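Hi everyone, thanks for coming. I'd like to walk you through a small piece of work from my week, so have a look at the screen while I talk.

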Amino acid sequence: MAKSNPGKTFGGGRPPSQRPSKICARCGLPFSWRKKWERDWEQVKYCSERCRREEQA
């Protein structure tokens, strides 16, 4: 039986097709919520480290 955690509000426990998504600020491609972004999903702007680096340059 799976444990439920009412404090989770983003993608955890959902199938990938139902997770929140955003559009990358640099390349314009859509990307989905990832576990590693759980604490700061609101601040995530880029789909990858590469896009983040190229936007900063």
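**A walk along the chain**

If you read along the sequence, the pattern you get is β-β-α. In total that is 1 helix and 2 strands. Keep in mind that what you see is a predicted model.

Let's begin with the whole chain. There are 57 residues, and 18% of them count as buried. About 4800 Å² of the chain is exposed, with carbon and sulfur atoms supplying 48% of that. And of the contacts between residues at least 6 apart in sequence, 19% join residues at least 24 apart.

Now, the core. Which residues make up the largest nonpolar core? There are 8 of them: Cys24, Phe31, Trp33, Trp37, Trp41, Val44, Tyr46 and Cys51. As a general point, nonpolar side chains in soluble globular proteins tend to be buried together.

Let me pick out Trp37 from that group. If you ignore its neighbours within four places in sequence, Trp37 is in contact with Phe31, Ser32, Val44, Tyr46 and Cys47. Phe31, Val44 and Tyr46 are core members too.

Trp37 also turns up in the next feature, the largest pocket, as one of the lining residues. The space in that pocket is about 170 Å³. Along with Trp37, the lining has Arg34, Lys36, Val44, Lys45, Tyr46, Cys47, Ser48, Glu49 and Arg52. Sort the lining by class and you find 4 nonpolar, 1 polar and 5 charged residues.

One of those lining residues deserves a stop of its own: Lys45. Where does Lys45 lie? Look in the loop between strand S2, residues 30–32, and helix H1, residues 49–56. Is Lys45 buried or exposed? Lys45 counts as exposed because its relative accessibility is 51%, and the cut-off for exposed is over 50%. Still, Lys45 has company: leaving out residues up to four places away in sequence, Lys45 touches Ile23, Cys24, Ala25 and Phe31. Cys24 and Phe31 belong to the largest nonpolar core. Lys45 is also 8.4 Å from Arg26, C-alpha to C-alpha, with their positions 19 residues apart in sequence.

Over to the helix. Glu55 sits in helix H1. Glu55 has a relative accessibility of 39%, so Glu55 counts as partly exposed. What does Glu55 contact, once neighbours within four places in sequence are set aside? The answer is Ala25, Arg26 and Tyr46. And measuring by C-alpha atoms, Glu55 and Cys27 are 9.4 Å apart in space and 28 residues apart in sequence.Last stop, the segment before strand S1, where strand S1 covers residues 21–23. Ser17 is found in this segment, and so is Pro16. Ser17 is exposed because its relative accessible area is 71%. Pro16, at 58% relative accessibility, counts as exposed as well. Where do these two sit relative to later parts of the chain? The C-alpha atoms of Ser17 and Ser32 are separated by 8.7 Å, and the two residues are 15 apart along the chain. For Pro16 and Trp33, 17 residues apart along the chain, the C-alpha separation is 8.4 Å. Trp33, you may remember, is one of the core residues.

That's my tour, thanks for listening.

Key:
Residues numbered from 1 in each chain as written. Predicted model: local features only at pLDDT ≥ 70, side-chain atom pairs only at ≥ 80, totals over all residues. Heavy atoms only, no water. Core = buried A, V, L, I, M, F, W, Y, C linked by side-chain atoms within 4.5 Å. Buried < 20%, exposed > 50% of the residue type's maximum accessible area, 1.4 Å probe, protein only. Contact = heavy atoms within 4.5 Å. Helix = DSSP H or I, 4+ residues; strand = E, 2+ residues; numbered from the N terminus. Areas by Shrake-Rupley, 256 points an atom, 1.4 Å probe, with all protein chains shown as cover. 1 Å grid on protein atoms, 1.4 Å probe; cavity = no way out; pocket = protein on both sides within 12 Å on 5 of 7 lines; lining within 4 Å. Points joined across faces, edges and corners; volume = space filled by probe spheres on them. Nonpolar A, V, L, I, M, F, W, Y, C, P; charged D, E, K, R; others polar.
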